[in-house]
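Dear colleague,

I am passing on the structure we spoke about, and my notes on it follow below. Please have it open as you read.

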Amino acid sequence: MSFIARSIKPFVAINRYYTTVTADSLVTRLKNDRKTFMKAKKQPDLNVVKGVMSDFTYYVKSPNYIEGISEEQAMLSVIQKAIKRRQDSVEQFKAGGRPELAEQELQELKVLESYLPEQMSAEAIQKEVEILIKELGVSNPKDMGKVMKAWKYDSATADRKIVSDTVKKLLNK
């Protein structure tokens, strides 16, 4: 082996923090916001974003993680769970006479909701459910499962609780 061949070592670049995300993905947006909040010293918003990123990391490593879903859908489910936790906390703090803590949770809730896609209104959900009921030809409350199974919007754009309540109301007429 020649001197040159021995002195030139192969270049191996290892980046431990490499992730495969698109430029417009929710994960990228959260990471960019985390940097922005750090620079702007917006501590409450920064804490929310860091918490969501931490929850996402734990979720991806947990046995509950579903292998086939995209990173975007996984992040949306983590954000929705965080929103539900905050909503429960607000109710409990109000019931316990702690309005200052309830207000703090509401502020965190607003930050989390800013990362969700635009939600369908209750009227839009009702119109879609009426169309779906006509297409399926169901009228019995026992057929609620068929309607819910045929619902084509994900829970990020239409809250499943509102959809479920609307289906119950329309089938019980």
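On helix 3, the face turned away from the buried side of the helix carries the exposed residues Pro44, Tyr58 and Lys61. Please keep in mind throughout that this is a predicted model.

The buried residues of helix 3 are Asp45, Leu46, Val48, Val49, Val52, Met53, Phe56 and Tyr59. Seen down the helix axis, these buried residues fall within an arc of 165°, and they therefore line one face of helix 3. Among the elements that cover them are helix 2, helix 4 and helix 5, the last of these running over residues 99–113. The length of helix 3 can be checked as well: at 1.5 Å a residue, its 19 residues should span 27 Å, and because its end C-alpha atoms are 27 Å apart, the two values agree.

Helix 2, which covers residues 26–40, can be treated in the same manner. At 1.5 Å a residue, its 15 residues should span 21 Å, and its end C-alpha atoms are 20 Å apart, which agrees with that expectation. Buried in helix 2 are Leu26, Val27, Thr28, Leu30, Asp33 and Phe37, and what covers these residues includes helix 3 (43–61) and helix 4 (71–95). Just after helix 2 comes Lys41, which takes a positive phi of about 55°.

I then turned to the open and enclosed spaces. The largest pocket holds about 430 Å³ of space. Its lining consists of 19 residues, and those that lie nearest the centre of the pocket are Ile83, Lys84, Gln119, Ser155 and Asp159. By class, the lining of this pocket has seven nonpolar, six polar and six charged residues. Which helix gives the largest share of the lining of the largest pocket? That share, six residues, comes from helix 4, while helix 4 and helix 8 (160–171) each supply at least two residues of the lining.

As for enclosed space, a search of the whole structure finds one cavity of 30 Å³ or more, and about 30 Å³ of space lies in the largest cavity. The residues lining the largest cavity are Glu128, Leu132, Ala150, Trp151 and Lys152, and by class this lining has three nonpolar, no polar and two charged residues.

With best wishes

Conventions. Residues are numbered from 1 along each chain as its sequence is written. This is a predicted model: local features need pLDDT of at least 70, side-chain atom pairs count only at pLDDT 80 or more; totals for chains, interfaces and linings use all residues. Side-chain values use heavy atoms; hydrogens and water are left out. Helices (H or I, at least four residues) and strands (E, at least two) are DSSP runs, numbered from the N terminus. The expected span of a helix is 1.5 Å times one less than its number of residues. Buried means under 20% relative accessible area, exposed over 50%, partly exposed in between (1.4 Å probe, protein chains only). Contact means heavy atoms within 4.5 Å. On a 1 Å grid over the protein atoms alone, a cavity is a set of points where a 1.4 Å probe fits but cannot get out, and a pocket is an open set with protein on both sides within 12 Å along at least five of seven lines; lining residues have an atom within 4 Å of a point. Grid points are joined across faces, edges and corners, and a volume is the space filled by probe spheres set on the points. Ala, Val, Leu, Ile, Met, Phe, Trp, Tyr, Cys and Pro count as nonpolar, Asp, Glu, Lys and Arg as charged, and the others, Gly among them, as polar. The arc is that of the directions from the helix axis to the C-beta atoms.
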